[in-house]
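Open the model in your viewer and keep the selection tool at hand. The tour below goes from one selection to the next and says what is found at each stop.

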Amino acid sequence: MTAWMQTLPAWVQTAMLLTASNVFMTFAWYGHLKNMQSKAWFVAAIVSWGIALFEYLLQVPANRIGATELSLAQLKIMQEVITLLVFVPFVVLYMKQPVKLDYLWAALCMLGAVYFIFRN
């Protein structure tokens, strides 16, 4: 981790690392559906595992940093919010799927979760 990033609050470091991690995770889990349809499933799985390694190289430190200030439940809700924030643009921009109202409902549920888990 770079020196400037270490000066940021732990929750910001965690959010940044989890966001980057989530981009890798999303491509590992779903990217093969667009690019590897003609390949055998096990080839797609091996490629996905390779991509997922980079996810874990970011996600593990993110959770360790986050755990210094956040509860496990707060870390999980943060991860789920980030997942939705990464997944929706991925689906719309990369996978060329239509925007669905379901994303709005999911986001509203997440806002409720954030409110209840982070209130003091």
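## First stop: a pair in helix H4

Glu80 and Lys76 are four residues apart in helix H4, which means that about one helical turn separates them. Select both side chains in this predicted model. Glu80 forms a salt bridge with Lys76, and their closest N and O atoms are 2.7 Å apart. The structure holds one salt bridge, so a search for another under the cut-off of 4 Å between a side-chain nitrogen of Lys or Arg and a carboxyl oxygen of Asp or Glu will add nothing. Colour the two residues by accessibility next. Glu80 is partly exposed, at a relative accessible area of 25%. Lys76 also counts as partly exposed, with 48% relative accessibility.

## The whole chain

Zoom out and switch to a cartoon view. How many helices and how many strands does the protein have? There are five helices and zero strands. Followed along the sequence, the pattern reads α-α-α-α-α. The C-alpha trace spans about 50 × 35 × 25 Å along its principal axes. Of the 120 residues, 32% count as buried.

## Segments from the UniProt record

Now select residues 12–33, 40–57, 77–94 and 101–118. An unreviewed UniProt entry places the feature "transmembrane region" at these positions. Two of these segments can be checked against the cartoon.

- Residues 12–33: the chain is 100% helix and 0% strand here, and the end C-alpha atoms lie 32 Å apart.
- Residues 77–94: the chain is again 100% helix and 0% strand, with 25 Å between the end C-alpha atoms.

## The largest pocket

Show the surface and go to the largest pocket. About 230 Å³ of space lies in this pocket. Its lining is made of 14 residues, and those nearest the centre are Leu18, Gln59, Asn63, Lys76 and Gln79. Lys76 is thus met again, this time as part of the pocket lining.

Which helices each supply at least two residues of the lining? They are helix H2 (10–35), helix H3 (41–66) and helix H4 (72–94). H4 gives the largest share, six residues. Colour the lining by residue type to see five nonpolar, six polar and three charged residues.

## Aromatic rings

Select the side chains of Phe, Tyr and Trp. Eight aromatic pairs are counted in the structure. One of them is Phe90 with Tyr94: the ring centres are 5.3 Å apart and the planes meet at 25 degrees, so the pair is stacked. The cut-off for a stacked pair is an angle under 30 degrees between the planes.

Phe90 and Tyr94 are four residues apart in helix H4, which means a separation of about one helical turn. Is each residue buried or partly exposed? Phe90 is buried, with a relative accessible area of 6%, whereas Tyr94 is partly exposed at 23%. The limit that matters here is 20%, since buried means a relative accessible area under that value. Add Phe27 to the selection: Phe27, Phe90 and Tyr94 form one aromatic cluster.

## Across the helices

Select Val23, which is in helix H2. Val23 is partly exposed, with a relative accessible area of 35%. Then add Leu85 and draw a distance between the two C-alpha atoms. Val23 and Leu85 are 62 residues apart in sequence and 10.0 Å apart in space.

For a second distance, go back to Phe90 and add Trp105. Trp105 is found in helix H5 (residues 101–118), and at 45% relative accessibility Trp105 counts as partly exposed. Trp105 and Phe90 are 15 residues apart in sequence, and their C-alpha atoms are 18 Å apart in space.

## Last stop: a loop residue

Where is Lys96? Lys96 sits in the loop between H4 and H5. The phi angle of Lys96 is near 60 degrees, a positive value in a residue other than glycine. Most residues other than glycine have a negative phi. Lys96 counts as exposed, with a relative accessibility of 62%; the cut-off for exposed is over 50%.

Note on methods:
Residues are numbered from 1 along each chain as its sequence is written. This is a predicted model: local features need pLDDT of at least 70, side-chain atom pairs count only at pLDDT 80 or more; totals for chains, interfaces and linings use all residues. Side-chain values use heavy atoms; hydrogens and water are left out. On a 1 Å grid over the protein atoms alone, a cavity is a set of points where a 1.4 Å probe fits but cannot get out, and a pocket is an open set with protein on both sides within 12 Å along at least five of seven lines; lining residues have an atom within 4 Å of a point. Grid points are joined across faces, edges and corners, and a volume is the space filled by probe spheres set on the points. Ala, Val, Leu, Ile, Met, Phe, Trp, Tyr, Cys and Pro count as nonpolar, Asp, Glu, Lys and Arg as charged, and the others, Gly among them, as polar. UniProt positions are given in the numbering used here, feature names are shortened, and annotations may be inferred rather than shown by experiment. Buried means under 20% relative accessible area, exposed over 50%, partly exposed in between (1.4 Å probe, protein chains only). Rings of Phe, Tyr and Trp (its six-membered ring) pair if their centres lie within 6.5 Å; planes under 30 degrees apart count as stacked, over 60 as edge-to-face and the rest as tilted.
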